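Let's take a friendly walk through this structure, looking at a pocket and at two of the helices. Have the sequence and the 3D view open as you read.

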Amino acid sequence: MAKSQKRILSAQTVTVMAVLLALNIIVGFIPSVGIPPYVEMGFGFIVTAFAASILGPILAPILWMVGDLISFYLQGGGYFFPGFTLSAAVAALIYALFLYQKPKTLKQIVLAVLFVTIIVNLGLNSLWIRIMFDRAWGVFMGVRLIKNIISLPVNVFILYFLFKQPTVKRLMDKVEKMVG
């Protein structure tokens with residue numbers, strides 16, 4: 001059996017995925033800061049980046065799609081739109097491409113956050129808002145652009161700071177060894 005198949009089937013990997021999924025759901029209950037429904041700043045990117053750096057570009061997007069669906073049903077209310085589930089998977093994929101089995105350098109983190117900001121936040125999520133609310137781009141893009149210009153360096157700083165903490169590094173090393 002191939003190494004990747006063993007990793008997917010291991011009890012340790014499933015356990016780590018369950019813990020990360022639970023953490024993602026819990027963080028989803030922390031109130032976002034912003035101007036609903038067009039602009040929100042939350043903390044989910046932290047868990048997404050950590051999960052993607054541990055699980056990689058196959059498992060992280062799948063888990064984040066499942067997590068998005070579970071979170072929607074647990075939180076109740078609001079609008080369900082499958083595009084946001086796709087956005088969750090794409091964000092996890094981007095973080096994994098830049099952080100999985102790679103050094104967590106400032107360059108890697110900047111690139112990951114930059115691509116998530118451009119492709120997911122400003123691209124896909126803006127498209128989903130446009131489709132859902134049938135609003136002209138000019139109604140919400142200015143505010144979204146400002147929010148993302150502000151949040152990009154903040155998100156980079158937070159991730160870089162967390163990935164460089166000795167306690168976090170030790171924990172990440174242990175978890176990465178567990179999942180293979």
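In what follows, Ala, Val, Leu, Ile, Met, Phe, Trp, Tyr, Cys and Pro count as nonpolar, Asp, Glu, Lys and Arg as charged, and the others, Gly among them, as polar. With that in hand, the lining of the second largest pocket divides into 12 nonpolar residues, 1 polar and no charged. Please keep in mind that this is a predicted model.

The second largest pocket has a volume of about 280 Å³. Of its 13 lining residues, Leu20, Leu23, Phe50, Ile54 and Leu171 are the closest to the centre. Two or more lining residues come from each of helix 2 (11–28), helix 3 (44–75) and helix 7 (166–179). Which helix gives the most to this lining? That is helix 2, with 5 residues.

Helix 2 also has a buried set: Thr13, Val16, Met17, Leu20, Leu21, Asn24, Ile25 and Val27. An α-helix has 3.6 residues a turn, so residues three or four places apart point the same way.

Here is how the lengths of two helices work out at 1.5 Å a residue:

| Helix | Residues | Expected span | End C-alpha atoms apart |
|---|---|---|---|
| Helix 2 | 18 residues | 26 Å | 26 Å |
| Helix 6 | 28 residues | 40 Å | 38 Å |

For helix 2 the two values agree, and for helix 6 (residues 137–164) they agree as well. Helix 6 nevertheless bends by about 30° at Ser151, with a proline, Pro153, following within four residues. Ser151 is buried, and other buried residues of helix 6 include Phe140, Arg144, Lys147, Asn148, Leu152 and Asn155.

Definitions and conventions:
Residues numbered from 1 in each chain as written. Predicted model: local features only at pLDDT ≥ 70, side-chain atom pairs only at ≥ 80, totals over all residues. Heavy atoms only, no water. Expected span 1.5 Å × (residues − 1). Bend = angle between axes of the 7 residues up to and from the residue. Buried < 20%, exposed > 50% of the residue type's maximum accessible area, 1.4 Å probe, protein only. 1 Å grid on protein atoms, 1.4 Å probe; cavity = no way out; pocket = protein on both sides within 12 Å on 5 of 7 lines; lining within 4 Å. Points joined across faces, edges and corners; volume = space filled by probe spheres on them.
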